[in-house]
Protein chains: 2
Amino acid sequence: MRRFKIPEVTVGRLSLYLRCLNELEEEGIEVVSSAELGRRCGVNPAQIRKDLAYFGEFGTRGVGYYVKELMQDIKRVMGLNRTWEVALVGVGNLGTALLRYKGFQRHGFKLSVAFDIHTEGKEVPEGCVLYPASEMERVVKEKGIKMAIVAVHYSQAQEVAERLARAGVKGILNFAPMRIRPPKKVVVKNVDMGTELEILAFYLTMRGAK
Amino acid sequence: MRRFKIPEVTVGRLSLYLRCLNELEEEGIEVVSSAELGRRCGVNPAQIRKDLAYFGEFGTRGVGYYVKELMQDIKRVMGLNRTWEVALVGVGNLGTALLRYKGFQRHGFKLSVAFDIHTEGKEVPEGCVLYPASEMERVVKEKGIKMAIVAVHYSQAQEVAERLARAGVKGILNFAPMRIRPPKKVVVKNVDMGTELEILAFYLTMRGAK
DNA sequence: CCCGTTATGTGGTAACTTTCACAAAAGTAG
DNA sequence: CTACTTTTGTGAAAGTTACCACATAACGGG
């Protein structure tokens with residue numbers, strides 16, 4: 001079975017496995033079975049083996065998976081064995097929090113440029129350069145940036161996405177509370193905190209909370 | 001067909017429909033067909049009708065759906081025809097951004113209390129009270145809060161979740177980059193920005209970006 | 001009042017995802 | 001080298017979710 005159409009849930013689980021493997025490595029564990037990995041991250045062992053089977057054979061029968069090897073293999077198939085430069089658009093409350101968030105770097109993402117209509121009085125961490133929004137196309141194109149995070153007001157999200165697409169961006173993570181329709185040849189992931197809370201509200205109501 | 005086991009994707013789409021209906025209302029449109037609604041929010045019309053059919057019959061054959069009515073109906077089944085008090089745990093970069101984020105209020109969620117180990121020098125918006133983390137159980141219990149947002153360091157997320165559960169919280173939205181295992185009788189939704197970026201990286205790599 | 005038009009609600013099916021269950025492979029001990 | 005244990009990789013079954021297609025109902029015009 002080799003890479004054709006991989007379901008997004010599978011890709012999400014790969015990321016989860018990576019997290020879990022990290023912990024195992026820190027604990028000094030060198031080999032892990034799908035049963036143990038599954039127990040740790042709450043996934044059916046067969047599911048894990050099927051997910052991995054999309055990309056090749058990484059285990060050893062009768063033994064399991066070598067933690068470090070598997071980590072490398074997953075990173076390779078996910079394209080995480082490199083650093084991704086990421087542009088942030090919208091340096092408001094959320095944007096600033098994202099800039100300061102250390103988690104991205106740990107995963108190989110570097111927020112190296114940020115854009116906002118208003119640049120005055122705004123501070124960005126070291127290693128990141130803040131530009132006025134009008135410079136977006138030029139800077140993104142010059143730096144060859146392929147990935148962007150959108151954290152602008154929802155009324156501007158679609159337009160920003162299209163400008164980014166024209167500048168060569170191929171993947172957008174959108175935090176604006178409004179679904180961006182993916183421009184041609186661009187992958188968009190919408191993270192909608194409002195929707196998440198609403199889903200919670202639904203299940204709480206179902207279960208008769210308060 | 002009446003409420004039994006509703007798939008989460010369906011609930012997520014209900015939230016999406018709500019957004020879309022809001023726009024329609026603002027445009028002064030009073031009636032909408034599943035075809036038009038589907039076109040606008042990128043969902044198959046039959047899918048929309050099936051989703052709604054879980055909860056009853058809201059449309060009129062030959063006509064479509066009355067925008068305002070449908071909004072009310074969806075809000076009712078989702079438990080959004082009320083205000084939810086929400087506790088925020090962890091007032092760091094992300095926590096602060098979430099406190100200032102206006103979107104929650106618009107959707108009927110009120111971040112009325114916040115907790116952090118260190119309260120000194122931290123500011124919270126009006127209408128929200130900041131407490132030391134040690135007060136968490138007491139305050140949550142007293143106020144009868146059922147919903148919480150966790151934005152603490154990943155090493156503390158699981159423990160915080162369990163404390164919240166003991167204090168009576170039934171739903172948790174977790175932003176820490178680590179899956180919280182749901183305590184008994186608690187619904188947990190994990191929002192993992194690292195994973196989202198990794199999924200993007202995967203699809204960009206697949207498509208041969210850079 | 002009847003007929004044509006429109007759009008819902010839903011049975012059936014197709015597509016997809018998860019889980020089961022087992023043969024095949026690798027290691028180990030005698 | 002053989003017998004036994006372990007755990008993978010995977011075909012097939014079970015379970016879910018999405019979509020098609022049409023009978024059914026409501027509306028409107030003549």
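Which elements of chain A and chain B each supply at least two residues of the surface near DNA strand D? Keep that in mind as you open the viewer; the tour gets there after a look at the whole model.

**Before you start**

This is a predicted model, in which local features need pLDDT of at least 70 and side-chain atom pairs count only at pLDDT 80 or more, while totals for chains, interfaces and linings use all residues. Residues are numbered from 1 along each chain as its sequence is written, chains are lettered from A and ligands numbered from 1 in the order in which they are written, and side-chain values use heavy atoms, with hydrogens and water left out.

**Stop 1: chain A as a whole**

Select chain A and show it as a cartoon. You will find 9 helices and 8 strands (DSSP runs numbered from the N terminus, with helices being H or I of at least four residues and strands E of at least two). Along the principal axes, the C-alpha atoms fill a box of roughly 60 × 50 × 35 Å. Of the 210 residues in chain A, 53% count as buried (buried is under 20% relative accessible area, exposed is over 50%, and partly exposed is in between, using a 1.4 Å probe and protein chains only).

Now colour residues 8–78 of chain A as domain 1 and residues 84–195 as domain 2; these bounds come from an automatic or database domain assignment. The centres of the two domains, taken over C-alpha atoms, are 31 Å apart. Among contacts in chain A with a separation of 6 or more, 56% join residues 24 or more positions apart (a contact means heavy atoms within 4.5 Å).

**Stop 2: the two copies**

Bring chain B into view. A turn of 180° with a shift of 0.0 Å along the axis lays chain A on chain B with an RMSD of 0.1 Å, so the two copies are related as by a two-fold rotation axis. The superposition is by least squares on the C-alpha atoms of residues with pLDDT of at least 70 in both copies. To find the axis, select Ala97(A): of the residues of chain A, its C-alpha comes closest, at 3.1 Å. The copies meet through the same surface, because 100% of the interface residues of chain A are also interface residues in chain B.

**Stop 3: Arg19(A)**

Next, select Arg19(A) in helix α1 (residues 8–26) of chain A. Is this residue buried or exposed? Arg19(A) is buried, with a relative accessible area of 17%. Show its side chain together with that of Asp192(B), and a polar contact of 2.3 Å appears between them (a polar contact is a pair of N or O atoms within 3.5 Å; within protein, one must be able to donate a hydrogen and the other to accept it, and residues adjacent in sequence count only if both atoms are side-chain atoms). Leaving out residues up to four places away in sequence, Arg19(A) also touches others, including His107(A), Pro177(B) and Met178(B).

**Stop 4: DNA strand D**

Here is the opening question's answer: α3 (45–53) of chain A and α3 (45–53) of chain B. The largest share, 4 residues, comes from α3(B). A residue is near a strand if one of its heavy atoms lies within 4 Å of it. Of the 24 residues around DNA strand D, select those that come nearest: Ser34(A), Arg49(A), Tyr65(A), Lys50(B) and Arg61(B). Sugar and phosphate make up 68% of the strand D atoms that come within 4 Å of the protein.

Three distances are worth displaying:

- Gly59(A): a polar backbone atom is 3.0 Å from a phosphate oxygen of strand D.
- Gly62(A): a polar backbone atom is 3.1 Å from a sugar or linking oxygen of strand D.
- Asn44(B): a polar side-chain atom is 3.1 Å from a phosphate oxygen of strand D.

**Stop 5: DNA strand C**

Switch to strand C, where 23 residues lie around the DNA and those coming nearest are Arg13(A), Ser34(B), Arg49(B), Lys50(B) and Tyr65(B). A backbone N or O atom of Ser34(B) lies 2.6 Å from a phosphate oxygen. For a base, select Lys50(B): a polar side-chain atom lies 2.9 Å from a base oxygen of strand C. On this surface, α3(A) gives the most, with 4 residues.

**Stop 6: Lys185(A)**

Finish in the loop between β7 (171–174) and β8 (187–190) of chain A, where you will find Lys185(A). Phi of Lys185(A) is near 65°, a positive value in a residue other than glycine. Most residues other than glycine have a negative phi. At 65% relative accessibility, Lys185(A) counts as exposed.
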